Structure formats: structure tokens, C-alpha cells
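Subject: The structure I promised you

Hi,

Here is the structure we talked about, with the sequence alongside. Have a look around first, and then read my notes underneath.

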Amino acid sequence: MRHSTDPSARESPDHDPSAHDSLVHDSFVRVRGAREHNLRGADVDIPRDALTVFTGVSGSGKSSLAFGTLYAEAQRRYFESVAPYARRLIHQIGAPKVDSITGLPPAVSLEQRRSTPGSRSSVGTVTLLSNSLRMLYSRAGTYPPGAERLDSDSFSPNTAVGACPSCQGIGRVHRTSEELLVPDPDLSIREGAIAAWPGAWQGKNLRDILDALDHDVDRPWRELPAEEREWILFTGEQPVVTVHPVRDADRIQRPYQGTYMSAERYVMKTFGSTKSAALRARAERFLTDAPCPVCAGARLRAEALAVTFAGRTIAELAALALTDLDGVLASAPPSGEAARVLAADLRARIAPVTELGLGYLSLDRTAPTLSAGELQRLRLATQLRSGLFGVVYVLDEPSAGLHPADTEALLGVLDRLKAAGNTVFVVEHDLDVVRHADWLVEVGPRAGEHGGRVLYSGRPQGLADVPDSATARFLSEPPRRPERALRTATGELLLSGVTRHNLRGVTARFPLGVFTAVTGVSGSGKSTLVGQALAESVRDRIAAAEAGFPVRRLVEVDQKPIGRTPRSNLATYTGLFDAVRALFTATPQARARGWKAGRFSFNVAGGRCETCQGEGFVSVELLFLPSTYAPCPRCAGARYNEETLQVRHAGLNIAEVLELTVEAAAGFFAEVPAAYRGLRALDGIGLGYLRLGQPATELSGGEAQRIKLATELQRVRGEHTLYLLDEPTTGLHPADVEVLLGRLHGLVDAGHSVVVVEHDMAVVAGADWVIDLGPGGGAEGGRVVAVGPPDEVARAGRGRTAAHLARAMRLR
């Protein structure tokens with residue numbers, strides 16, 4: 001590993017750390033023997049009170065070093081200082097595999113969390129701005145004559161004293177109707193007219209109860225009297241009757257007491273209480289949601305909505321974009337010292353959020369609708385107001401989803417965290433952020449087992465002398481646009497007068513047979529135009545089999561997780577697990593024992609380890625200490641029982657196969673076409689470092705998107721396909737971007753069409769057509785600013801994209 005010492009540093013990072021362990025003023029964090037994930041005994045020295053960027057290709061081990069080692073060790077040390085009883089209340093991460101770390105301050109992690117926030121979580125709750133706004137209304141609001149002053153909780157839809165009693169603070173109510181519950185009124189109840197009822201025995205039970213209540217279950221639904229139909233579907237009564245089921249020839253069914261439940265009651269109960277995603281989704285088909293008729297969607301009680309500030313209710317201010325909210329607060333006439341102080345404090349808290357390019361968001365925007373990058377930047381903005389000193393901030397790609405025009409503001413925020421006396425560690429691929437760093441740590445040289453080494457630790461300019469660096473060539477010389485003539489469109493898709501969210505009567509033409517990039521700052525309307533308007537239009541026209549419509553297939557590739565639990569993994573999602581199980585089922589040992597494919601599934605009883613239920617780990621309860629997870633004592637984490645693991649193919653059992661990387665598995669399954677084809681697609685898109693059994697919960701959004709794309713690449717057909725991708729380069733090193741672009745341009749060369757929503761100007765520069773939205777975000781966006789080939793858009797100079805695109809194309 002190469003080191004570059006900082007002349008201003010008080011100690012050289014090349015010195016033996018053991019000589020300095022006793023020195024309080026050692027200015028470096030020193031890591032020795034880090035072995036987390038694919039790290040191979042990594043040693044590295046990193047200066048404190050500096051901005052350090054960890055970089056390297058995807059899967060190289062940089063996150064394992066920054067988060068899995070440094071942050072994890074800081075957390076472990078903090079938890080050791082907490083009382084054992086209190087530790088039980090805190091979610092803890094395990095001790096990292098590392099020999100020693102010295103000079104490490106306390107750490108704060110700002111990761112791109114992969115868990116989905118609840119629907120009650122919002123921009124206001126994430127940033128704590130809602131607390132300040134509620135206090136403003138409580139202390140400085142204008143109350144109706146004679147009204148009692150309310151405390152701040154009364155202005156929260158998430159408290160019992162503030163939430164609208166009709167919708168419980170959700171703002172919307174779910175309802176159903178006869179048309180939804182009975183889609184085909186020509187059917188009788190026995191024939192399944194009430195589609196909302198469950199299937200199998202439970203549905204038959206409800207029909208038998210109606211029969212016992214003397215309702216005609218064989219008469220067409222439309223012929224039943226209106227009052228009878230109303231009672232069957234919507235009654236709140238639950239009568240109990242004796243049911244005499246029809247006897248089957250092969251079994252005796254005795255009479256039983258049955259309780260009736262209306263179709264509406266069944267649907268609402270299932271939707272509200274089931275833990276099954278499938279049952280909830282089925283129930284949702286029979287429901288519509290609408291604004292609450294009591295609060296009109298404002299989510300609060302009437303007494304809270306009667307209080308105003310600057311002539312508006314708290315719900316009205318929460319619905320404004322943050323830039324507009326700041327304007328209202330700035331122009332509001334002072335109505336006392338409390339109003340002045342609270343409004344000034346609220347504006348000071350809004351400032352860092354808008355500085356990070358998120359001024360288009362409103363306080364009531366729900367967290368599940370935000371991207372991981374938006375959520376992380378909201379938390380970053382909140383930290384600027386925390387006043388913490390002497391801590392390490394560990395950030396995970398804060399530039400993700402950020403337009404180049406907003407990157408400068410991000411760099412300013414990072415500098416302010418450092419200037420406040422903190423150390424900033426950033427895992428990042430964006431070249432502007434990398435160049436801005438005080439110190440650079442590159443991990444590599446490649447991904448997975450071919451990475452895990454610290455190639456360089458030093459000043460950014462010294463990276464040019466590292467021959468194994470995958471980053472150096474991009475820092476020294478930005479990539480040129482490939483020497484390729486612009487493709488000629490074979491047709492076009494026209495969207496006219498699109499008015500949705502912040503799009504206002506937008507008309508856009510998407511040429512076919514080419515690579516199109518849709519650009520614009522965050523919140524300008526890109527995802528709405530492509531992911532909603534264009535996708536829905538194409539989907540509807542394909543479904544209608546419209547004559548002459550050139551697109552025969554639509555493929556949407558987003559960054560949503562491929563699974564919500566550790567039981568879902570790379571192999572199960574891609575279908576590789578089916579090929580793997582079929583291979584083991586065909587072995588002589590399995591055939592001799594009469595085992596089927598289900599024997600080799602860790603999700604069902606039979607072949608799995610029953611001690612851990614196929615999880616591979618068990619929860620260990622410790623008296624006066626927090627629960628922890630440990631490898632299963634019976635299967636040692638293999639997830640299968642001993643008998644199943646005795647079956648081997650080419651020397652490996654099924655647990656060992658699931659531990660193979662995609663790259664290694666491609667060689668192992670070279671003679672199995674069904675598996676090899678999928679593995680080659682994954683490896684060819686830069687995912688060769690992932691393990692076959694890697695849980696879905698461990699995959700980033702970018703990895704999930706590329707897995708979906710690789711799955712689709714196996715299905716490439718001759719018919720014209722339109723591929724829609726939402727920021728496909730998120731989380732990718734520039735070297736990985738080249739690999740991905742090679743595959744996407746290959747699709748276009750094969751006669752298909754590709755449309756990407758993208759911020760990476762290197763990708764945009766290589767497109768055939770650009771649609772730039774803006775000029776700003778939220779209310780300031782939603783318009784087409786420029787269209788045309790990349791060089792024309794760059795030279796036109798309109799909008800915030802042009803200058804950055806011109807720089808990427810070396811036109812300036």
C-alpha cells in the first residue's frame with residue numbers, strides 16, 4: 001500500500017503505531033488487520049479533522065472498511081460505556097473483525113438505509129422541522145376568540161390529541177363499494193359473485209352461513225333485492241347460526257356454529273390486520289382511498305386547524321415546498337417576540353435542507369416516497385444544526401441522486417462539518433467529491449475476492465502513481481465521449497399535455513431505436529415523466545394491442561429491493577436457485593433417497609435445519625445483556641440439516657454452492673446452460689463479486705437494479721423492447737459505469753430503445769438524445785428546458801444541466 005503524508009500532520013502515518021499508542025495527540029486513526037467481509041488484513045492510517053473519501057470499484061471492500069470496521073468499532077466502544085440494562089433497548093451491531101484500531105473518536109453514521117420508513121414518517125419528522133412548526137403554532141399562532149391555547153402535540157397527526165378521529169391522522173380513508181366487491185353481478189353467490197370473499201373453506205363457510213340464513217345463494221346477484229344485497233355486503237351484524245354442510249361421499253361433516261361477516265368487514269379487517277403481504281394486496285384490490293371527509297386530508301382535529309399563522313393553517317404550511325415555506329416565514333409580519341424567535345429558528349433549520357438541493361420537498365411529503373439519497377441528505381442537513389464536536393461522520397454516497405449543479409452545495413456542507421471540529425469519512429464515487437477530499441483511501445483493485453486491499457492512502461494527487469488504481473485515470477483525465485455517430489431514430493413516442501405532480505402541460509417526444517437521457521435537478525419532474533407518464537402510456541398501448549404501435553414490450557428497472565427478508569437472495573430472485581436445486585435433485589444420492597427439489601430449499605421443512613428454521617443463525621438471550629445473534633449451533637450457519645448436506649455435486653454441498661461468488665459459480669456451472677446463462681449476465685454487468693446466497697437485505701439499491709437488469713438481459717427477444725431505467729449508475733464507480741453502458745448501448749444496437757433518468761454527465765454525453773427538465777425543482781421545475789443531441793443541449797446553455805454537460809463533453 002502506498003502512503004502520502006500530509007505536511008501539516010503532526011505524526012507520519014508510516015511510523016509504527018505501537019510507538020504512538022500512548023500519545024494523546026496522535027492525529028491519525030490507525031487500523032490494523034481489518035478482515036471484515038472481503039478485507040484481507042487491511043492496514044491503513046487516516047487523518048482526523050479531515051475529509052477522507054473511501055473509493056474503489058463496487059464490491060471492493062470500501063464500505064466494509066468505512067462502515068463495517070470503523071463505524072462498527074466506534075459503536076461497539078460506545079455501547080460498552082452504556083449500562084447493561086440500557087443496552088438491551090438499543091439495536092447493536094457485532095464487533096468487527098480487526099486486530100486493532102487506535103485514535104478513533106465516537107461516530108455518527110448517515111447511511112442510505114435500505115429499510116422502508118413508515119407511512120407516518122415524513123420530511124418534517126425526519127428533519128425535526130415539524131417540531132419547530134408545531135411549536136410556532138402553539139406559542140405564536142392566531143387562535144379563534146375564546147379558544148384555549150393548545151400545546152404542540154395538538155398540532156401533530158401522530159398523537160392521540162392531534163390526530164383526526166375519523167382517519168386517525170392518515171388523511172385518507174379506505175372505502176369499498178358494491179361494484180368493487182361484486183365485479184360480475186350475473187353470477188350467483190355460490191358461483192363466486194362476491195369476489196372479495198376468501199377462497200377455499202373460509203369462503204364456502206360464508207356461503208353456507210348465508211344459505212342457513214335463508215338467503216338465495218343460487219340466484220344471480222343482480223336479481224337479489226337491493227336491501228338484501230346491502231345487508232350481505234355491508235352489515236355490521238355478526239349473526240351466529242347452525243350450519244348443516246352438504247355431506248360429501250368420502251367424508252362426514254357434522255353441523256357447526258358459524259358466524260357471519262360481511263364482505264366489507266372481511267376486506268377491512270384483512271387490510272388492516274393481516275401480516276401477509278399477499279393477503280393485504282388482495283384486499284387492497286377491493287378498496288378505494290379518498291381524502292378523509294372530516295378533515296379533508298389535513299389529518300388534524302378541527303380545533304388545531306382553527307389556529308392560523310400568516311393567515312394559513314399548519315396543514316397548509318406543511319404542504320408548501322420548503323423554499324415557499326421559507327418565503328412565508330420571511331414575509332410574515334412580526335406578532336410578538338415568540339413569533340419572531342420561533343420563525344427565525346425554523347428558517348435557520350430550513351436553510352441547510354434547501355442548500356442541499358431539497359427545497360422542492362414539503363414537510364408533509366411522506367418518507368416512503370423519498371429516494372435513499374434524499375433521506376440521507378435530509379439527515380445530513382439535520383446534523384448541521386446538532387452542534388456536535390469531535391466526532392466522526394461516516395456517510396454513504398451522499399451525492400447519490402444529486403445533480404452536478406447541487407454537488408457544490410454538498411461539498412460546502414461537508415466542509416462545514418469538518419470546520420466544526422469533526423472528522424468526515426465518505427464512501428463515494430462522484431469524481432467532484434473525490435477531488436475535493438483532503439485524504440483519499442482506495443480499496444481494490446477489483447471486487448469481491450479480487451479486492452479487499454488498501455491500494456492507497458494519502459492526498460488525492462498522489463493516486464496517479466498507483467498502477468492498480470481503478471480511479472486514477474478518471475481523476476487525471478475525464479472520459480471522452482466514445483467516437484460513435486449519433487443513431488437515427490426509427491420512430492417516436494409522443495406525450496402531450498402531461499399534468500401530474502409538478503409537470504404542467506408538458507409535451508415530450510421520445511425517439512425510438514436510440515439511447516435517450518432525461519436530465520434535470522432533483523425534483524424537476526424526471527421520474528414523474530418517465531416512470532409514471534411514459535411508462536403508463538406505453539403499458540396501456542401494449543395492453544390494448546394498438547395497431548401499428550412499434551413497442552412490443554416494456555421493461556422497467558428501478559432500485560426497489562428485490563426482497564424484504566434475508567430468506568430472499570440473489571439466487572432465489574434470479575431463478576438460479578431452481579437450477580441449483582434441480583442439479584442436486586438429479587444426483588445419485590438424492591435419487592436413491594427419493595428426494596425432490598423441495599428437499600434442497602431452506603424455506604420449508606424437510607431439508608432445512610429445524611433448529612434455526614433455515615435462517616442460519618439463532619437469537620441468544622443473555623441475562624442483563626442485550627439479545628444477540630450467533631451462528632446456529634447445529635448447522636453452523638449452513639441453513640440445512642446434516643442429511644441434506646451429505647449430498648454433493650462436483651465436491652460441494654448446496655450450502656457451499658450458495659457461498660460461491662457469481663464469478664466462481666459461472667465456472668462451477670459451466671456445463672449447466674440454465675444456470676450458466678444467468679451467471680454470465682450477472683458477471684457481465686459487474687456483479688461477479690456477489691454471493692449466490694447473499695440476502696436481499698444486504699444489497700444496495702444500485703445492486704438490486706443491476707440484478708433486475710441482468711435478469712432481463714437473459715430474456716432479450718427480437719421484438720422491439722423499451723427499457724426504462726431510473727438512475728442506473730447510482731452507487732457505481734466510473735469503471736463500473738463503463739461496463740453498464742456497454743450493455744445498455746448493446747441493447748440499442750440490437751434494435752431496442754433505452755431511456756434513462758440520469759445525473760452522470762458522462763452517461764448523458766454518450767446519449768443520442770437528451771430531454772432536460774427544470775429549470776429548478778418542485779414548483780420551479782416541471783418544464784422542458786432543452787431537447788436534442790447532447791452537444792446541442794450543451795451549447796444552447798439553457799438550464800442548469802448545460803454547463804456541466806459542456807464540461808463533460810469538453811466543449812468548455
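**A strand covered on both faces**

Strand β6 is covered on both of its faces: Ala 107 and Ser 109 are buried on one side, and Val 108 and Leu 110 are buried on the other. Before you go further, keep in mind that this is a predicted model.

Let's stay with Ser 109 for a moment, which sits in β6 (residues 107-110). Is Ser 109 buried or exposed? Its relative accessibility is 17%, and the cut-off for buried is under 20%, so Ser 109 counts as buried. Leaving aside residues up to four places away in sequence, Ser 109 touches Phe 67, Tyr 71 and Val 394.

β6 also has a partner: it pairs with strand β11 (residues 392-396) in the parallel sense, over 4 bridges. In that pairing, Leu 110 stands opposite Leu 395 of β11. As a reminder from class, strands of a sheet pair through backbone hydrogen bonds, either parallel or antiparallel.

**Just past β11**

Follow the chain out of β11 and you get to Ser 399, in the loop between β11 and α15 (404-419). Ser 399 has a relative accessibility of 9%, so it counts as buried too. Which residues does it touch, not counting those up to four places away in sequence? They are Leu 410, Glu 428, Asp 430 and Val 433. For a sense of scale, try finding Val 217: it is 182 residues from Ser 399 along the chain, and their C-alpha atoms are separated by 61 Å.

**Two helices side by side**

Next, find helix α4 (residues 129-140) and helix α13 (residues 337-355), whose axes come within 10 Å and cross at roughly 165 degrees. That angle makes α4 roughly antiparallel to α13, and the crossing is left-handed. If you want to see where they meet, the α4 side includes Leu 129, Leu 133 and Leu 136, while the α13 side includes Leu 342, Leu 346 and Ile 350. What kinds of residue make up this contact? There are 12 nonpolar, 1 polar and 3 charged.

**A six-stranded sheet**

Now for a sheet further along the chain. Here 6 strands form an open sheet in the order β18-β21-β22-β17-β23-β24, with mixed pairing. β18 (553-557) and β24 (783-788) are the edge strands, and each has a single partner, so one side of each is left without a neighbour in the sheet. On average, neighbouring strands here are turned by 15 degrees against each other, ignoring direction.

Inside that sheet, β21 (residues 721-726) and β22 (residues 753-757) run parallel and are joined by 5 bridges. One pair to click on is Tyr 723 with its bridge partner in β22, Val 754. Helix α18 (residues 526-543) packs on this sheet, touching β17 (515-519), β18, β21, β22 and β23 (769-774). The direction of α18 makes about 150 degrees with that of β18.

**And a three-stranded one**

Last stop: 3 strands form another open sheet, in the order β3-β2-β5, and the pairing is antiparallel. Its edge strands are β3 (42-47) and β5 (100-102), each pairing on one side only. The twist from one strand to the next averages 5 degrees. β2 (residues 28-34) is joined to β5 by 3 bridges, and Arg 30 stands opposite Thr 102 in β5.

Shout if you get lost anywhere!

Cheers

Conventions
Residues numbered from 1 in each chain as written. Predicted model: local features only at pLDDT ≥ 70, side-chain atom pairs only at ≥ 80, totals over all residues. Heavy atoms only, no water. Pairing = 2+ DSSP bridges. Axes fitted to C-alpha atoms, helices over the stretch in contact; angles between N-to-C directions. Contact = heavy atoms within 4.5 Å. Parallel < 35°, antiparallel > 145°, perpendicular 65-115°, else oblique. Left-handed = near helix turned anticlockwise from the far one by under 90°. Nonpolar A, V, L, I, M, F, W, Y, C, P; charged D, E, K, R; others polar. Buried < 20%, exposed > 50% of the residue type's maximum accessible area, 1.4 Å probe, protein only.
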